[in-house]
Structures are given as C-alpha cells and as structure tokens.
Amino acid sequence: MAAHRLALDGGTPVREAFLPYGRQQVDEADIDAVAAVLRGDWLTTGPSVGAFEAALSAVVGGGEVVAVSNGTAALHAAYAALGIGPGDEVVVPSLTFAATANAALYVGAKPVFADVDPDTLLLDPASAAAAVGPRTRAIVGVDYAGQPCDWQALREVTGSRGIPLVADGCHALGATREGTPVGALADLTTFSFHPVKHVATGEGGAISTADPALSERMRRFRSHGISRTAAERAALGTWSYEMTSLGYNYRLSDIQAALGTSQLRKLPGFLATRRSLAAQLTAGLSDIPGVVPLRVESDVTHAWHLFVVRWRVPGQDRGFAFSALRAENIGVNVHYLPVHLHRYYREIHGTGPGMCPAAEAAYDEILTLPLHPGMAAADVDDVLEAVRKVAGAGPRLSR
Ligand SMILES: *Cc1c(COP(=O)(O)O)cnc(C)c1O
C-alpha cells in the first residue's frame, strides 16, 4: 500500500513537479510583438492600445472597448462612468475577488452583498432583487469560474427600475450565454489580463459597452479626466488640453497591448484546450463520490477560467483536501473567501457571518483544481489520480 500512502504522511507524491492551478502561455510570437513595440516610438498608450481594443471588441460582441491598467481599474472606471458616488449602493455577489466590491468603495458607494446560487455559485437573481433598495445604482454579476450569469433574469430585476447591469467578466472572456458573448450581455463588462486569466498582458484590463457616452467617460477617466490624449495632441500640433473631470492614470501601455493582441490570436485555441481539459476532469470525477463539480447551464458555452469542485467526501474537510493535494504536488486553490467575511469588511463595514448563507456554505467546501492551456491530458490524469487517492484516504480533518 506504499503507493497509496499520502504524500502528506510521507508517501510518494503523485507528481514530482508542482502543477499550478493557472499559468500564462507566452510564445515566441508574443515576445516578438513586444520587442517590435520596444523598437518603436510609442511605449505608453498609442497605436498598439487602439489595435488591442479593436481586436478585443471583435471577441466580446463588437461594442466599444476601453483598455485600462488592470481589471480592478476596469471596475473602478465602470462604476465611475455610471456616475455612482457617495450615498449610492452597488449590489455585488459576496463570492468574488474583493476588487468587485472594493471598487464601489473607491467611488464612495456602499457594496451591498447578495448571495449566490448554491449549484453554480453565480449571483442569485432573487437575492439580488432582495438587495435592491432606493439607493441602488448598479447590480454587478460575476461570471464566476467562466460561466456567464443568468443575465436575462438579472435584467428582469433591474428592468422596470432602470438600474444598470455590470458584469465582472474577469473569469469569462470567450464565454457565451444563449449565443451572446460575455461583453455584450450586461451594460458594462470588465475584463482582466492578469497572467492566470485567459489572455495575459502582465497587468491589464478592459471594459466593454455598447454605449459610446460611457466609453468616452471611461477613456477620460483612465487618463486624468483630460480631454485630449497625447497622441491626439501630437496629431493636431497643439499643446492644449483641459481636465474636465477627475480621473486617474489607469492607462495600459503599448508594450502590454502588443502582448495582448498577440495573445488574443491564440484565444480560440486556449479556450478549446480549457474546454477539453474541463471535459476530461468532469468525466474523470464522475466516479469519485463526494467530489462534485459546479453545475453548467445548458445554454452556456463556458470559458473555464477555473475548475471548481465542492469537497463533500464523508469525514473529510476541505482544509484536509487542500493540504493533502498540495502535498501530492497538485496546485489546488480556493476561490474565494466571501468578501463580507474579510476582516476589513467585518471591522469597517459591519458585515459578518449569516449575511450570505449559500456563499458561506460554499466557502467551506470549494476547491479549485488546476486548469490552464499549458496542461496536457496526462496532467489531468495526475490531478484525477491525486483526487482519487486523497478522497479514498478515509475520514481525516485538517489540523
Ligand atoms: C482577476 C479579477 C479581478 C481583478 O483583476 P486585476 O487585473 O487583478 O486587477 C476582479 N474580479 C475578478 C472576479 C477577478 O477574477
């Protein structure tokens, strides 16, 4: 039984090399694209940013796209463009990266936490409806793990009240719901190009919208609220510009944008690989009792940023599964501690346990298994072997 002894107990790990849960894929074409920018005239926001925005627009439904310095800046720009400010409320799901809620605080508004559907971990429209009040200025859905929210149901919540819908689409570049791409399902959609996301620019982000007035506001917002860009001033032969609103320096550089455009060319392949690895994981887990993938809706093409399971093996807790799988060199992770349980929110904003029961129950069980386009089928076999080994180890709790 030596082979079955957990690495946690001194046995041999399933893998020799650590398998991370996510990782960028950069090739020579990407490196050449960046080098070409470095040999040219524009390093910060110039023609490569415009080209990246156009390429991205084609992927996310053809609307306006504004590239910014990261996904958090994208959320800040989106909320600011909607005119959200002090005294306003923004409904956000609690099971997300903290930035979704933090950006509401950046504009002086209050994040109001709504719960998620227990099977998909997507914003529950009924909970969102219950969180809406007279001061609600936006409902934000997170396309968690790469599956788009039920935007039609959320639209029914906001519809009669005229409340804008914002998608935090940072997990879901390339996903669709009822054939419509993420980027065109909500009024504003934000993306991140952090290295673990679908397309990497180092740091980077973008917002898509069909509304040119909103995109114009976000273009100014990313560059100090100034009326003309440096490139426009150069073309017009003038020094003159005016600051018309308060903005930030949230610009993406041409260096990053060139990497982004080159990466976007490979997005269809990245997505195909993610989908095939996810199918292999789903099939392999079907005969491992207690390790339960999230539900995938039938009208969805999933972008599979994350492969999340709920660890319900009798007698074992998620903490044990995490440590045991890490010891087997399987880079599992947890996405996320519900935002309303973070110490900062509890201490400064008075949130706490009991506010979002489905998110809290999920948090005790969720585990993200490795999934990224650099993986091969043999890597998935290792993940499945390790999951089987740990799930079969009998009752064990984390220390
Ligand atoms: C990655 C991520 C962000 C933030 O993106 P950055 O580019 O890291 O600032 C926001 N929301 C979600 C759901 C994310 O996954």
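The following exchange asks how the ligand site and the two largest pockets of this predicted model are assigned.

User: What makes G71, T72, D168, S192 and K197 part of the surroundings of the ligand?

Analyst: A residue counts as near the ligand if one of its heavy atoms lies within 4 Å of it, and 13 residues surround the ligand, with G71, T72, D168, S192 and K197 being the closest.

User: Why is the approach of S192 to the ligand called a polar contact?

Analyst: The term requires a pair of N or O atoms within 3.5 Å; an N or O atom in the side chain of S192 is 2.7 Å from an oxygen atom of the ligand, and therefore the pair qualifies.

User: How do you know that H171 and K197 make such contacts with the ligand?

Analyst: For H171, a polar side-chain atom lies 2.9 Å from a ligand oxygen atom, and for K197 the corresponding distance to an oxygen atom of the ligand is 3.0 Å. Both values fall within the 3.5 Å cut-off, so both pairs are polar contacts. As for cover, the protein takes up 92% of the 380 Å² of accessible area that the ligand has on its own.

User: What classes of residue make up the shell around the ligand?

Analyst: The shell has eight polar, three nonpolar and two charged residues; Gly is counted as polar.

User: How do you know which pocket the ligand occupies?

Analyst: A molecule sits in a pocket if more than half of its atoms lie within 2 Å of the grid points of that pocket, and the space taken by the ligand is the second largest pocket, whose volume is about 330 Å³.

User: Which residues and which helix stand out in the lining of that second largest pocket?

Analyst: Of its 21 lining residues, F97, C170, S192, H194 and K197 lie nearest the centre, while helix α3 (residues 71–81) gives the most to the lining, with three residues. By class, this lining divides into nine nonpolar, nine polar and three charged residues.

User: What makes up the lining of the largest pocket?

Analyst: The largest pocket, with a volume of about 490 Å³, is lined by 22 residues, and T45, R222, R228, T229 and A230 lie nearest its centre. Two or more lining residues come from each of the elements α2 (47–59), α7 (212–221) and α8 (230–236), and the largest share, four residues, is that of α8.

User: Why is R222 counted as charged in that lining?

Analyst: Arg belongs to the charged class, together with Asp, Glu and Lys, and therefore R222, one of the residues nearest the centre of the largest pocket, is counted there. The whole lining divides into nine charged, eight polar and five nonpolar residues.

Definitions and conventions: Residues are numbered from 1 along each chain as its sequence is written. This is a predicted model: local features need pLDDT of at least 70, side-chain atom pairs count only at pLDDT 80 or more; totals for chains, interfaces and linings use all residues. Side-chain values use heavy atoms; hydrogens and water are left out. A polar contact is a pair of N or O atoms within 3.5 Å; within protein, one must be able to donate a hydrogen and the other to accept it, and residues adjacent in sequence count only if both atoms are side-chain atoms. Accessible areas come from the Shrake-Rupley method with a 1.4 Å probe; for residues, only the protein chains shown count as cover. On a 1 Å grid over the protein atoms alone, a cavity is a set of points where a 1.4 Å probe fits but cannot get out, and a pocket is an open set with protein on both sides within 12 Å along at least five of seven lines; lining residues have an atom within 4 Å of a point. Grid points are joined across faces, edges and corners, and a volume is the space filled by probe spheres set on the points.
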